[in-house]
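User: Could you take a close look at the places where parts of this structure touch one another, and lead me through them step by step?

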Amino acid sequence: MAGAESDLLQGTLDVLILKALALQELHGMGVSRRIGQMTNGAFDVKAGSLFPALHRMEQAGWLTSSWGHAETNRRAKFYALTKAGRKHLRTETNRWARISLAMGAALGVGQEAL
Amino acid sequence: MISRLRAFWNNLFRRKQLDRDLDEELQAYVELVAAEKLRSGMDPEEAHRQARRQTGGIDQVVQNVRDLRTGVGLDRLAQDVKFGLRTLAKNPTFSLVAAGTLALGIGANTAMFSLLDQVVLKLLPVSHPEQLVIVRETGNHFGNSYGPNTISWPMFEDLRDNNQVFSGMFCRFPASVAIGYGDRAGQISAELVSSAYFQTLGVRAILGRTISHDDDSVPDSKPVVVLSYSFWQSYFGADPHVVGRTFAINGHPMTVIGVAQPGFDGVEMGNPAKVFVPIMMKTEMTPHSDGLKDRRRRLSWVTAYGRLKPGLTAEQAQASLQPLLHGILEIEAQQPEFTRSATSADRQVFLRNRIQLLSGSDNGLREDMRTPLWLLLALTGAVLLLACANLANLFLARATAREREFAVRLAIGAGRARIVRQLLVESLLLSGGGTLVGLALAFVADRTLLRIYLPADAVNEFAVSPIPDVRVLAFAVGVMLLTSVVFGLLPAVRSSRTEITPSLGDRSGALSAGGTSLRRILVGIQMSLSLLLLFAAGLFVRTLRNLENVGPGFPTGHLLTFTTTPTLSGYSYDETKSWYERLSVNLQAMPGVESVALSTMPILRGFAWQNAILGKSFEGMPIEQQPCLSQVSPDYFTTLGIPLIAGRAFTPRDVAPTDYAVVNESFAREYFPRRNPVGQRFGLVDDMRTVTPNTEIIGVIADTKYRDLRETPHAQAYFPYLAISNIRGMTAYVRTKGDPREFENALRERMRQFDPHVPVVDLQTVTEQIGFSLRTERLVASLSAVFGGVATLLAVIGLYGVMAYAVLRRTREIGIRIALGALRSNVVAMIMREVLLLIGCGSAAGVVLALALASLIRSQLYGLNARDPSTLIGAAIVLALAAGLAGLIPALRASSVDPTTALRQE
């Protein structure tokens, strides 16, 4: 599974990025790694989708960015959640909870039917 | 929202910085990935290589991020504009021709719209002008009237005090008054206004105060005056201490109480008021008549205005006022001044009169100019449409030439929408440039037109200015967008349908058929439109000719005229009468003068004095049928050159004991058919007293025009001025031996010496006066002729373009035909068949359109039918000849095709 770019559901990437940034501010690579950890390597977000998403979300006002220093002391751009971003994360989390419950029920997950 | 705006701002103005940041951010990403790989024990070179591969093309990521940026559309637009400008600059002739055509078209439309807007569309510069209405009474008023929109003073009071529909009501009367400055005298326009005037209009004073109720409650009590802003500036040099100053109007000292707000010149645009005087000062302002104090209900002279209460429509108000009017009419019909002259049948007619509410911004000028100006705007619109058709043709031809370019762009992935947009941007650039130049042209055109149309001294005072305002600019921009769509969109959509493969393939010089049928339809439309314009031009030019040719019915070559009103300079009636006797003698003695005539009514100036007459076999009639009257000096008919047909003219002795009259042929025919009119008697109906028919006809003159050149001969009666006692002013007619124009200055000087206190007004030759009275007709005729010519030229160019292109495209086919033995004449005939088909179809459509639209301009014509067949045929012949010649050129070129060259092209 790892290494293959999963077809992320529309909107999934946004929630993942928000969640990744919920604890601390991160630079682009950091966000990518964090998503990898959070999903046990199921999602490997590549630069081609990550950066457009980050810039889009910044324009939407969910993220702010500032320049800082990464682990290697390299200058990098760090992203952090704004108030609006946190609010969006909450509503999206609720939505996902409902969807996954519904999907789980529909597909009979946990009944070992397959 | 704010973050979006900030992003938008940054994207627009800090693009470089953003791009640098993005580069650095991505660079950092690659390095961080590489560093991670290094840590896991990979060798540095391999780590960097993998990191870069994993990132997957920095450029593509950069492009993806850029595409997300807010305002990226603007970015692309800038690209399109840059590219468009480059394309247009590559073909400067095309661009200049296109932009020039548009500049002319948009300029002409803007110029006409500017005039139409200011004269016809704009409402008065008062608060909520849409609530303001003129209250008039329709039908026969059975009395004397100062104009179609006037009512009597008592009726105004009744309506003002008893209506439920107006939040305020006032009335006004325009008067010409004399003011003295230095040793010279002049006449200015005054507006006599009732007390609620300024308050109801919502017009403030910028200095002092406006007329209050106290100023206007007791007749002759308050000699106060409010100045118009422009008069305050020109006459008082914008003196800030003008309030309280006194100056003489008609010899009466009047105190200035205020200056009205700038831009407000009274309620009649064509006749801007300089001063506003309480209507209670009527006697002082107009010494000749006094409908205010004698309270005659059969004399209508004030124009009444009302401001509708909020939420009321004019129809509702009209319905509510009708019973009120009916009550007033019932009372009036009982009064002796009505019953004295009216029959019981008249009474029935009278009681059917109705209230009518007109827009408060209506006035004579607006009424007269409405149709001509709309007409001229329609003509310029048609010309612009023609120009657009030509441009669309040009664009179609160019689009065909650019097919390869579009195919390449489509092949490398441009969307069709992008190509349509690119072409639209190009047409917008052209029309934008055209509009800028067009606005300048419009200004020049309007200034020139106003100079031609108005007397030199009136241009600056006229409410219409050539300077474009916001509304005119909005119109110009609207026209610009519309034209871009009309001439740009069609070709653009066509071009975007370009097929990639055939266009890129080697087509060995064959031209594609792209848009040929579309272009033919465009040419057909052009033909029909220009036929329409030529036809209109023909009608208007012939109307002008007809009016110039009919003339007034007497020779005008050696006549000078001017008007004086001594009563306004403080002379009594007796003094005025002797003043004119002395004037006659004085002018008669002037070298170069053949004879001098005087008349209380100026002729051919649109005025008329009409009164019902009664005789043994006829009495009272509606005003439209009442004869036109005047009081004249004994030499009047000989001086004007009006032939006497029967009886004799006046002599100085015709003053008593009988009243004498000279009538024209129409009068004699109408009232005394099949009888010798000389010796018959009639009387003027008077609401103040009972009249017996005791005025004796002593002579009959030929019919001449009285009010204007357009009228059909009307019944006229003339009385000797010497027999009447209340002359307030007269118009003089001087017949000169030499050229009257060389005489003007000498006459002006002689009048100054004769009496410097009486201003001489409207001194000009009668020929000039007639020419001036035809200025609207001349304006319409000359402009429509120009537009017709331009339209034909455009249509002919369009036809030529399409045919030339068709011949070029068929060169090979024609070559084959000739090689196979077709005669040159056959080839010419083949091409000309197509040309004539285009002309024929276009003209046929044009004829149908012309006949359908003819009724719209009927009121503007004189002496010919709006569907005049000879004019229509003439227009069709002119168009067919011009277009046929234009088609012949490509036809001849086709016939001279050399078959060997044509076939080798392949």
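Analyst: Two residues are said to be in contact if their C-beta atoms, placed from the backbone, lie within 7 Å. With that cut-off, in this predicted model, 18 residues of chain A are in contact with 19 residues of chain B. On the side of chain A that touches chain B, at least two residues each are supplied by α2 (28-38), α3 (47-60) and β3 (75-81) of chain A, and the largest share, seven residues, comes from α3(A). Sorted by chemical character, the residues of chain A on this side divide into six nonpolar, seven polar and five charged.

The next step is to look inside chain B, which is divided into domain 1 (2-70), domain 2 (129-360), domain 3 (366-548 + 775-904) and domain 4 (559-772). The C-alpha centres of domain 2 of chain B and domain 4 of chain B lie 29 Å apart, and where these two domains touch, 22 residues of domain 2 of chain B are in contact with 20 residues of domain 4 of chain B. On the side of domain 2 of chain B that touches domain 4 of chain B, the elements that give two or more residues are β2 (144-145), β3 (166-181) and β4 (184-193) of chain B, with the largest share, four residues, coming from β4(B). The residues on this side of domain 2 of chain B divide into five nonpolar, 10 polar and seven charged.

Key: Residues are numbered from 1 along each chain as its sequence is written. Chains are lettered from A and ligands numbered from 1 in the order in which they are written. This is a predicted model: local features need pLDDT of at least 70, side-chain atom pairs count only at pLDDT 80 or more; totals for chains, interfaces and linings use all residues. Ala, Val, Leu, Ile, Met, Phe, Trp, Tyr, Cys and Pro count as nonpolar, Asp, Glu, Lys and Arg as charged, and the others, Gly among them, as polar. Domain bounds come from an automatic or database domain assignment.
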